Amino acid sequence: HRARKAIGTRKMGHIPAGQVVLVTGATGAIGFEIAAQAAEGGAIVGVHGSREETVADAIARIRQRAPDAKLIPVPGNFARLEEIEAVVEKVASEGGRLDAVIHCSTGNVGGGGRTAGIFAQTDPADYVHHAHGLLVICQQLARVALPHLVKQGGTFISYASDAGRFAAARQSMVGAAFGGIMMFVRNLAMELARDGVRVHCISP
């Protein structure tokens, strides 16, 4: 809730006109606002969501703010690697390049209350699915996008819950996953600096 209030009153960093940007989770509150502001600034925006109807709705709302924007609808279920690949390739193909990936689809993709709450009451059978839905998808997306980002020194940004930064009861599983994303980003940023690729994590 605090993040949604903040994003509504503060402009994101400027994305130059003509840049090609993939925003995952653009059907959610933060992802939508990022996609809309990028479109208003003249960027070519790949609008991702898990379902075709929610992507179509997001695009219709963005067009109310940026009628002439070039928007690329890319629905896809990121639980499957082939759909991550298809989304990235479509944006890069239709946009002619890929300058940035802003990964906002880090909500309930980890799935289920059986990994939330008191750790002793969680279900070990769900741990792999939970880690895949948060950490692994972020890593897969970065890996698939990397060949495109290297071409012109692009940017990869992942959002992550502050559960990865601050310890709290009942957040052992989600904290571990988002902490993993944060350290993945920090290490990858150092590795890719030589290629001119910037890697960041934002924790609202």
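Let's start with Asp99, which counts as buried in this predicted model because its relative accessibility is 4%, and the cut-off for buried is under 20%. You might expect a charged residue like this to be on its own, so look for its partner: the side chain of Asp99 meets that of Arg97 in a salt bridge, with N and O 2.6 Å apart. Arg97 counts as partly exposed, at 36% relative accessibility. So here one partner is buried and the other is partly exposed.What lets two side chains pair up in this way? Side chains of opposite charge can pair when their charged atoms come close. A search of the whole structure finds six salt bridges, so there are others to visit.

Go next to Glu33, whose side chain meets that of Arg65 in a salt bridge, 3.0 Å from N to O. This pair ties together distant parts of the chain: Glu33 belongs to helix α2 (residues 29-40) and Arg65 to helix α3 (residues 52-65), and the two are 32 residues apart. Is Glu33 buried or exposed? Glu33 is buried, with a relative accessible area of 15%, while Arg65 is partly exposed at 31%. Arg65 has another partner too, since Glu40 forms a salt bridge with Arg65, with the closest N and O atoms 3.2 Å apart. Again the link runs from α2 to α3, this time between residues 25 apart. Glu40 counts as partly exposed, at 38% relative accessibility. Put the pieces together and you get a network of salt bridges linking Glu33, Glu40 and Arg65.

Now for the nonpolar side of things. In soluble globular proteins, nonpolar side chains tend to be buried together. Here, the largest nonpolar core has 33 residues, and those with the most contacts inside it are Leu22, Val91, Leu98, Val101, Leu141, Phe156 and Val199. Which elements supply at least two residues each? They are the strands β1 (20-24) and β3 (71-75), along with the helices α4 (81-95), α5 (127-152) and α6 (172-192). Take a closer look at Val199: leaving aside residues up to four places away in sequence, Val199 touches Phe156, Val185, Leu188, Ala189 and Leu192. There is also a second, separate core of 26 residues, and Ala38, Ala69, Ala100 and Ile157 are among them.

Finally, let's see how some of the helices sit against each other. Two packed helices are described by the angle between their axes and the distance between the axes. For α5 and α6, the angle is about 20° and the axes are 9 Å apart. Angles under 35 degrees count as roughly parallel, so α5 and α6 are roughly parallel to each other. Their crossing is right-handed. On the α5 side, the residues that meet α6 include Tyr127, Leu134, Cys138 and Leu146, and on the α6 side they include Met173, Phe178, Phe184 and Leu192.

Helix α5 also packs with α4, at an angle of about 35° and with the axes 10 Å apart. The crossing of α4 and α5 is right-handed. Among the residues of α4 that take part are Leu81, Ile84, Val88 and Ala92, and those of α5 include Ile137, Leu141, Val144 and His148. Leu141 may ring a bell: Leu141 is one of the residues with the most contacts inside the largest core.

Technical notes:
Residues are numbered from 1 along each chain as its sequence is written. This is a predicted model: local features need pLDDT of at least 70, side-chain atom pairs count only at pLDDT 80 or more; totals for chains, interfaces and linings use all residues. Side-chain values use heavy atoms; hydrogens and water are left out. A nonpolar core is a set of buried Ala, Val, Leu, Ile, Met, Phe, Trp, Tyr and Cys residues joined through side-chain atoms within 4.5 Å. Buried means under 20% relative accessible area, exposed over 50%, partly exposed in between (1.4 Å probe, protein chains only). Helices (H or I, at least four residues) and strands (E, at least two) are DSSP runs, numbered from the N terminus. Contact means heavy atoms within 4.5 Å. A salt bridge is a side-chain nitrogen of Lys or Arg within 4 Å of a carboxyl oxygen of Asp or Glu. Axes are lines fitted to C-alpha atoms, for helices over the stretch in contact, and angles run from 0 to 180 degrees between N-to-C directions. Angles under 35 degrees count as roughly parallel, over 145 as roughly antiparallel, 65 to 115 as roughly perpendicular and the rest as oblique. A crossing is left-handed if the near helix is turned anticlockwise from the far one by less than a right angle, and right-handed if clockwise.
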